[in-house]
Amino acid sequence: MRCRCFFFDRQVYCALVIAKKAHGILKSIDASAAIRLPGVEGVFTWKDIPGENQLGDVVRDMPCLVGRGKDQVLR
């Protein structure tokens, strides 16, 4: 089944913004323009993930979302 097959009252959608550089340092996140768009419910960052923010099949060593000043290189 595809997600498009379901419709609920007050349904919201998600869009991801990914880094433009594969290896870099995240200096800042300016979500002010996104927040002002009509229909936007919120902007979520690594700070909004409770608990562990690491992923990985064998070793949990990849961040789900990267925080400011963090290395984007996956080791």
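# A tour of the predicted chain

Begin with the whole chain, in which 7% of the 75 residues count as buried, buried meaning under 20% relative accessible area, exposed over 50% and partly exposed in between, with a 1.4 Å probe and protein chains only. This is a predicted model, in which local features need pLDDT of at least 70 and side-chain atom pairs count only at pLDDT 80 or more, while totals for chains, interfaces and linings use all residues. Residues are numbered from 1 along each chain as its sequence is written, and side-chain values use heavy atoms, with hydrogens and water left out.

Next, colour the chain by pLDDT, the predictor's confidence in each residue, from 0 to 100. The chain average is 76, and 84% of the residues score at least 70. Where pLDDT is low, the predicted coordinates should not be read in detail.

Now switch to a cartoon view, where the chain shows one helix and two strands, in the order α-β-β from the N terminus on; helices (H or I, at least four residues) and strands (E, at least two) are DSSP runs, numbered from the N terminus. Select strand E2, residues 62–63, which has the lowest mean pLDDT among the elements, 76, and then H1, which has the highest, 90.

Select arginine 10, which is found in the segment before helix H1 (32–36). Its phi is near 60°, a positive value in a residue other than glycine. Most residues other than glycine have a negative phi. Arginine 10 counts as exposed because its relative accessibility is 80%.

Move on to leucine 16, also found in the segment before H1. Leucine 16 has a relative accessible area of 72% and is therefore exposed. Add phenylalanine 44 to the selection: the two residues are 28 apart along the chain, and their C-alpha atoms are separated by 9.7 Å.

Which residues lie nearest the centre of the largest pocket? They are Ala15, Leu16, Val17, Ile18 and Phe44, from a lining of 34 residues. A pocket is an open set of points on a 1 Å grid over the protein atoms alone, where a 1.4 Å probe fits, with protein on both sides within 12 Å along at least five of seven lines, and lining residues have an atom within 4 Å of a point. The largest pocket holds about 1500 Å³ of space, a volume being the space filled by probe spheres set on the points, which are joined across faces, edges and corners.
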